[in-house]
Amino acid sequence: MDRQRKNVLFALSASKELGAKVAKHLGMKLSPVEIKHFADGETMVKSVESIRNKHVFVIQSTSKPVNENLMELLIAIDSFRRASAKSITVLLPYYGYARQDRKTLGREPITCKLVADLLQQAGATRVTIIDLHSAQAQGFFDVPVDTCSASYTVLDAMIKEAGTRNTVIVSPDYGSVKRARDLSLLYNLPVAILDKRRPEPNKAEITNVLGFVRGKNAIIIDDMIDTGGTLVAACKALKQKGVKKIFAGATHGLFSRDAVANFNTALKHKYIDRLYIGNTLDNVNHIGIKGLKIVDVSPLLADILNVYMTDTDKSITQLYKKLTHSNSKGRKSWK
Ligand code: R5P
């Protein structure tokens with residue numbers, strides 16, 4: 001097939017499962033890649049087959065172990081460049097270090113920018129990121145970047161269960177207001193905003209609920225669940241304000257530290273009625289959460305890669321318009 005002749009698709013260690021699903025949607029085979037670990041801990045990655053003059057697509061989430069997966073990706077890009085690939089598109093279903101995008105205190109690093117520099121220096125010619133923590137981090141790259149969101153796909157699954165009657169979309173913090181507003185427009189739903197503070201790292205406190213939530217069902221979507229502190233605190237605050245049912249979700253489910261136990265408690269005590277995540281991470285950290293629904297985002301990723309691989313005038317913007325149109329009921333506008 002023409003697609004397979006010009007393009008090659010790799011899935012590295014952190015995204016083997018997701019990569020296989022994406023390849024299936026595209027009607028392609030994943031290209032074999034050799035990943036070796038030497039006795040001293042060094043990694044070596046290389047394509048098993050020739051990739052000379054091919055458009056290379058590589059999928060890797062830089063999730064836990066973050067540094068290991070990031071280094072594997074950088075080495076892979078370097079090897080693809082030195083093997084005369086025509087272009088190298090890096091698809092990051094999850095971008096580790098994205099939250100270190102500014103100095104919040106003196107002497108802090110901006111590691112999100114450092115990772116962008118490393119990816120480009122290694123040889124990435126285009127980068128595609130799913131639900132990047134802050135949109136402005138696109139500016140850390142000088143190569144073309146597409147930041148795409150799988151939250152529409154996650155929301156779609158939530159709406160199927162929650163319905164739109166008497167439902168409010170809730171932003172878990174100020175940083176997520178734009179996402180919540182965009183999602184609310186799709187279904188013409190009202191928005192509420194939570195005033196989240198972090199008294200110390202990995203601790204979240206909700207000090208205020210802005211908007212009308214009493215007696216409603218709430219859909220709350222974040223970009224990621226790490227320790228779960230944000231969503232669990234958010235859902236408790238919403239319950240205290242008289243919300244009926246709570247559907248909580250995120251694109252990326254990291255589930256670090258006590259997240260599994262905390263969500264099980266929240267689900268048991270009905271602070272959360274149902275929890276959703278996208279499958280941007282292959283990990284199994286969420287095993288044991290009763291009431292968790294995993295939403296498959298691989299069709300979206302395949303659609304994005306299909307735009308790159310097809311020699312037509314297709315665009316990612318058009319793809320999103322199609323996606324949001326098919327989801328939307330009574331949508332007013334979308335940007
Ligand atoms: C913060 O700004 C992010 O959007 C997430 O809300 C946060 O990183 C989630 O982390 P945790 O689950 O540890 O509260």
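Which residues are exposed on the other side of helix 2? I will come to that in a moment, after saying that what we have in front of us is a predicted model, and that I would like to take helix 2, then Ser 176, and then the ligand.

Helix 2 covers residues 16–26, and its buried residues are Leu 18, Gly 19, Val 22, Ala 23 and Leu 26. If we look down the axis of helix 2, these buried residues fall within an arc of 135°, so they line one face of the helix. As general background, an α-helix has 3.6 residues a turn, so residues three or four places apart point the same way. To return to the opening question, the residues exposed on the other side of helix 2 are Glu 17 and Lys 24. The buried residues, for their part, are covered by elements that include helix 1 (2–6) and strand 1 (7–11), together with strand 4 (55–59) and helix 9 (298–309). Just after helix 2 comes Gly 27, which takes a positive phi of about 70°.

Let me turn now to Ser 176, which is found in the loop between strand 8 (167–171) and helix 6 (177–187). Is Ser 176 buried or exposed? Its relative accessibility is 3%, and because the cut-off for burial is under 20%, Ser 176 counts as buried. The side chain of Ser 176 is joined to that of Asp 173 by a polar contact of 2.9 Å, and, if we leave aside neighbours within four places in sequence, Ser 176 is in contact with Ser 171 and Asp 222.

Asp 222 brings us to the ligand, since it is listed among the closest of the 14 residues that surround the ligand, along with Asp 223, Thr 227, Gly 228 and Thr 230. By class, the residues of this shell divide into 7 charged, 5 polar and 2 nonpolar.

As for individual distances, an oxygen atom of the ligand lies 2.7 Å from a polar backbone atom of Gly 228, and an oxygen atom of the ligand lies 2.8 Å from a polar backbone atom of Asp 226. With Lys 196 the side chain is involved, one of its N or O atoms being 3.4 Å from an oxygen atom of the ligand. Taken alone, the ligand exposes 380 Å², and the protein buries 91% of that. The elements that give two or more residues to the shell are strand 11 (217–225) and helix 7 (229–240), and strand 11 gives the most, with 4 residues.

Technical notes: Residues numbered from 1 in each chain as written. Predicted model: local features only at pLDDT ≥ 70, side-chain atom pairs only at ≥ 80, totals over all residues. Heavy atoms only, no water. Near = heavy atom within 4 Å. Polar contact = N/O pair within 3.5 Å; in protein donor to acceptor, adjacent residues only side chain to side chain. Areas by Shrake-Rupley, 256 points an atom, 1.4 Å probe, with all protein chains shown as cover. Nonpolar A, V, L, I, M, F, W, Y, C, P; charged D, E, K, R; others polar. Buried < 20%, exposed > 50% of the residue type's maximum accessible area, 1.4 Å probe, protein only. Arc of directions from axis to C-beta. Contact = heavy atoms within 4.5 Å.
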